[in-house]
Amino acid sequence: MDDAPSALQPQTVPWSLSTWWAESPSLSNTLISRGPLPDTKCEQCEAAINSKPESSFLLPKAVLRVARASPDTCWQCRILLALAERKLERRLGIDEELEVTSARDNPHKIITLRVQEGSKLGTGDEDENRLISISSLGALPCPWNTFGTRQHTSSVAHMLGSHSYKVASTWLKTCVTDHPGCPGMEETLLPRRVIHIGAKYTDLRLVEHSSPTLGRYICLSHCWGGAQPLTTTTRNIAQHLERIEWDSIPKTFQDAIKFTAHLDISYIWIDSLCIIQNSPQDWAEESAKMCSIYENGYLTIAASAASNGSGGLPTRDSSRFVRLSGTTSAPESKSFDILGYFELGIGDHPSPTNHRTPLFSRGWVHQEMLLSPRVVHFAKKELLWECKTVGTCQCPQPPTLRGIFLKEGHYEAFNSSRQSDARLASDKLTQQWHKVIESYSRLQLSFPGDKFPALSGLAQQISRRRGHEVRYLAGLWSDSLVTDLLWTAAYVWSLHSIDRILQGKDEWRAPSWSWAARDVPVIFPRMGTEREGSACEVKALCNIIGAETTLATTDETGRISGGRLVVRGRLLDASLYRDIELPDSKAGITETKATVTLSVHVPTDPMGGVKTFISYASERGTSFVLMTHFDVQGLKGSKPDELGTLVKEGFNPDSMAELLSMKRSDSREYMGSDIKVLRMGRVGRRLPTPDETKWLADMEYALVLQGIDTAPTNTNGAEAARTYRRIGIINQGREGYKGVEDARDDFWKRYPSCFEVGGSEMTIILV
């Protein structure tokens with residue numbers, strides 16, 4: 001009985017790699033062959049050469065069974081098994097399998113090795129990437145012509161094995177000396193307060209400048225986390241101006257200060273220490289300067305892997321690669337130098353779009369990353385560099401293939417704004433602002449009221465490019481107001497708990513027509529620009545007579561206390577209903593479903609003068625998702641008609657989470673009176689397709705509004721105007737295929753907008 005449990009354990013291989021490989025006494029993570037490698041390959045490895053891909057789009061792959069491996073007589077087995085065991089940090093199981101991927105044009109060239117996910121011996125880490133990229137280091141060509149040399153890996157072994165400070169310093173030096181589009185060594189205006197680092201990096205004090213002072217300083221971008229780090233307050237600022245005790249600051253601060261001293265820079269800006277945290281006035285004044293603080297910084301250190309102040313900055317991680325060196329057998333004895341790089345897992349790449357990385361889930365960090373002229377990310381398993389010119393990282397995978405760098409695109413849009421065509425320049429800035437908001441709206445804020453302050457710096461930066469005559473209006477811009485108003489609450493794009501969506505619903509921070517009014521991801525119409533044969537057109541179907549916001553502080557891009565639009569356009573009557581299904585529990589998880597039906601009174605509609613739009617929502621466990629009727633149709637495979645026109649229609653309630661979470665009384669509920677639909681505008685795109693034919697897409701948008709019980713207001717002496725708030729948006733799409741060149745009028749005539757007639761022209765106020 002005592003032996004029974006061990007009999008159930010997976011059986012490991014009978015051989016040990018230490019028989020053939022020895023640790024290098026001088027190089028980290030390097031294995032030296034104890035003798036020349038065999039000059040033969042086993043039957044299994046030979047067969048792998050002849051493997052065929054499943055389709056022409058895929059790379060050739062072959063599965064190698066560990067049980068059939070012959071490391072004693074096969075040089076390829078000896079190398080691949082060493083890489084796999086080093087990756088897993090354990091001996092392989094006899095029943096495990098390895099997947100080998102070869103080059104498309106040469107099956108003899110092995111690109112990657114993967115330990116199969118179904119291996120009997122797991123690593124216990126579901127997010128671990130079991131992929132190993134294999135290449136021959138540039139100094140020595142592969143003697144078997146099996147492992148190619150990658151351009152990005154010429155110095156990767158040195159980069160991976162070096163101290164993080166050394167790698168980052170090299171990147172910084174290259175940027176300062178070789179990038180004309182990035183700042184050089186010149187001094188900039190120091191923030192009002194910075195931390196001064198003395199001759200010993202442990203000698204710290206807060207410095208406050210009463211007049212403009214030039215210098216060079218580093219910024220730190222970090223997560224506060226649950227445990228609040230040391231802060232400067234009205235009670236201790238006098239003490240901090242004298243001295244900040246080294247042992248009182250968290251490890252992340254200490255590591256950032258050490259790195260700053262390593263760069264021979266005497267100042268560092270850390271928000272919690274350089275802003276008086278318990279002074280609303282100081283906080284408002286300093287947060288309004290975020291644009292200049294991060295733009296003028298010499299470098300920003302991003303503590304990307306640390307979820308709080310105790311996480312620190314990783315200084316070295318040589319566990320992600322192994323280097324195999326040795327010689328082949330006589331008579332043609334040749335040296336080899338093989339690098340196996342262990343690809344990073346899902347959550348390991350630092351990226352503004354990787355919200356699994358602690359730092360990049362923070363709303364405040366978005367502007368910190370884009371405003372900074374250059375950023376070095378200290379991530380869990382690698383360093384990453386971003387500046388206005390390039391983006392790079394330590395790993396061998398070319399960073400351009402991952403599409404994780406946003407800074408280059410951000411400043412490319414700024415450079416485009418200087419072109420002679422004013423309309424294209426404006427479109428480019430509008431498109432970039434929409435990208436910024438779409439990314440920002442997916443991030444988290446500890447305080448919903450920070451929605452505008454956490455974006456204030458970027459808004460100031462964009463404002464300089466747009467010009468002083470363009471006004472910033474609650475996250476929208478006066479020169480693109482119609483397009484900016486067409487945001488959609490994209491519940492279907494991202495799963496969030498209802499608690500998170502509703503966390504700030506009772507705290508007013510923006511008018512209903514602003515994307516900032518709700519804590520949900522948003523998307524904007526895809527405008528495009530005139531390049532590569534594409535064109536864009538925005539057509540307003542309403543008239544915005546006036547727009548204004550009331551500032552809550554001196555920051556013109558910060559918090560506001562009010563805002564309104566005066567709009568004249570076609571309004572149609574509508575009704576809104578909610579149907580709730582009884583909660584259903586499966587496997588201990590409760591799921592609640594709801595259907596929201598919007599009925600618009602349209603005299604031309606064949607269905608008795610009522611046009612119906614439906615949205616579906618479900619709350620399952622801690623997740624919430626919404627789908628429009630068209631989303632459901634799309635899953636079923638909607639197709640164009642015989643003339644190549646595809647019709648899309650959808651209704652996205654802004655408040656779907658609230659509608660689902662409200663108390664239920666009846667199976668069908670009437671959701672309020674005085675519901676209106678306001679026709680807003682069309683956004684059209686014409687883009688090239690792979691077969692070089694043209695297809696054109698037009699999307700018409702209308703806002704769904706609900707009246708507010710206030711007395712009608714006179715607008716500039718005109719008739720009394722009713723006041724409404726936005727509660728949703730309708731989209732009607734028409735897409736033309738089959739080489740349609742000028743189909744805009746054709747397909748709108750074939751499938752007219754349901755809001756073309758009916759309703760009445762009215763002037764209203766939106767709040």
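This report walks through the cores, cysteines, helices, strands and unusual backbone spots of a predicted model.

## Nonpolar cores

Let's start inside. The largest nonpolar core takes in 105 residues, and the ones with the most contacts inside it are Phe259, Trp269, Ile301, Leu455, Trp515 and Leu766. Helix α5, spanning residues 164-178, gives the most to this core, chipping in seven residues. There is also a second, separate core of 41 residues, with Cys45, Cys77, Ala82 and Phe342 among them.

Ile301 is a good place to look at the packing up close. Leaving out residues up to four places away in sequence, Ile301 touches Ile218, Cys219, Leu220 and Ser221, plus Ala256, Phe259 and Thr260. The rest of its contact list is Leu313, Val376 and Phe378. Phe259 thus turns up twice, as a contact of Ile301 and as one of the residues with the most contacts inside the largest core.

## Cysteines without disulfides

If you were about to set up disulfide bonds, hold on: a search of the whole structure turns up zero of them. Cys387 is a case in point, as the nearest cysteine sulfur belongs to Cys182 and sits 3.8 Å away. The cut-off for a disulfide is a sulfur pair within 2.5 Å, so Cys387 is in no disulfide. Cys387 counts as buried, with a relative accessibility of 1%.

Cys142 is buried as well, at 14% relative accessible area. Its backbone nitrogen lies 3.5 Å from a polar side-chain atom of Ser136.

## Around Ser136

Ser136 belongs to strand β6, residues 131-136. How buried is Ser136, in terms of relative accessible area? The value is 0%, so it counts as buried. Setting aside residues up to four places away in sequence, Ser136 touches Pro141, Cys142, Phe147, Gly148, Thr149, Asp337 and Ile338.

## Two helices

Back to α5, the helix that gives the most to the largest core. Does its length look regular, and what span should you expect? At 1.5 Å a residue, its 15 residues should span 21 Å, and the end C-alpha atoms are indeed 21 Å apart. Its buried residues are Ser164, Tyr165, Val167, Ala168, Ser169, Trp171, Leu172, Cys175 and Val176.

Helix α14 covers residues 456-466, and the buried ones there are Ser456, Gly457, Leu458, Ala459, Gln461, Ile462 and Arg466. Just after α14 comes Gly467, which takes a positive phi of about 105°.

## Strands and their partners

In a regular strand the side chains alternate between the two faces of the sheet. Strand β3 (residues 61-65) shows this pattern: Ala62 and Leu64 point to one face and are buried, whereas Lys61, Val63 and Arg65 point to the other and are not. β3 pairs with strand β4 (residues 97-102) in the antiparallel sense over five bridges, and Arg65 stands opposite Glu97 there.

Strand β8 (residues 193-197) has four of its five residues buried, so the rest of the structure largely encloses it. β8 has two partners to look at. One is strand β9 (residues 204-208), which runs antiparallel to β8 and is joined to it by five bridges. A hairpin of six residues connects these two strands, and Arg193 stands opposite Glu208 in β9. The other is strand β12 (residues 267-269), which pairs with β8 in the antiparallel sense over two bridges; there, His196 has Tyr267 as its bridge partner.

Further along, Ala697 sits in strand β33 (residues 694-707) and is buried, with a relative accessible area of 7%. Ala697 and Gly684 are 13 residues apart in sequence, with their C-alpha atoms 5.6 Å apart in space.

## Backbone spots to check

Ala330 and Pro331 are joined by a cis peptide bond, with omega at about 10°. Pro331 lies in the loop between β14 and β15.

Two residues other than glycine have a positive phi. Asn145 has phi near 55°, lies in the loop between β6 and α4, and is partly exposed at 43% relative accessible area. Asp264 has phi of about 65° and sits in the loop between α7 and β12. Is Asp264 buried or exposed? At 66% relative accessibility, Asp264 counts as exposed.

Notes: Residues numbered from 1 in each chain as written. Predicted model: local features only at pLDDT ≥ 70, side-chain atom pairs only at ≥ 80, totals over all residues. Heavy atoms only, no water. Core = buried A, V, L, I, M, F, W, Y, C linked by side-chain atoms within 4.5 Å. Buried < 20%, exposed > 50% of the residue type's maximum accessible area, 1.4 Å probe, protein only. Contact = heavy atoms within 4.5 Å. Expected span 1.5 Å × (residues − 1). Pairing = 2+ DSSP bridges. Polar contact = N/O pair within 3.5 Å; in protein donor to acceptor, adjacent residues only side chain to side chain.
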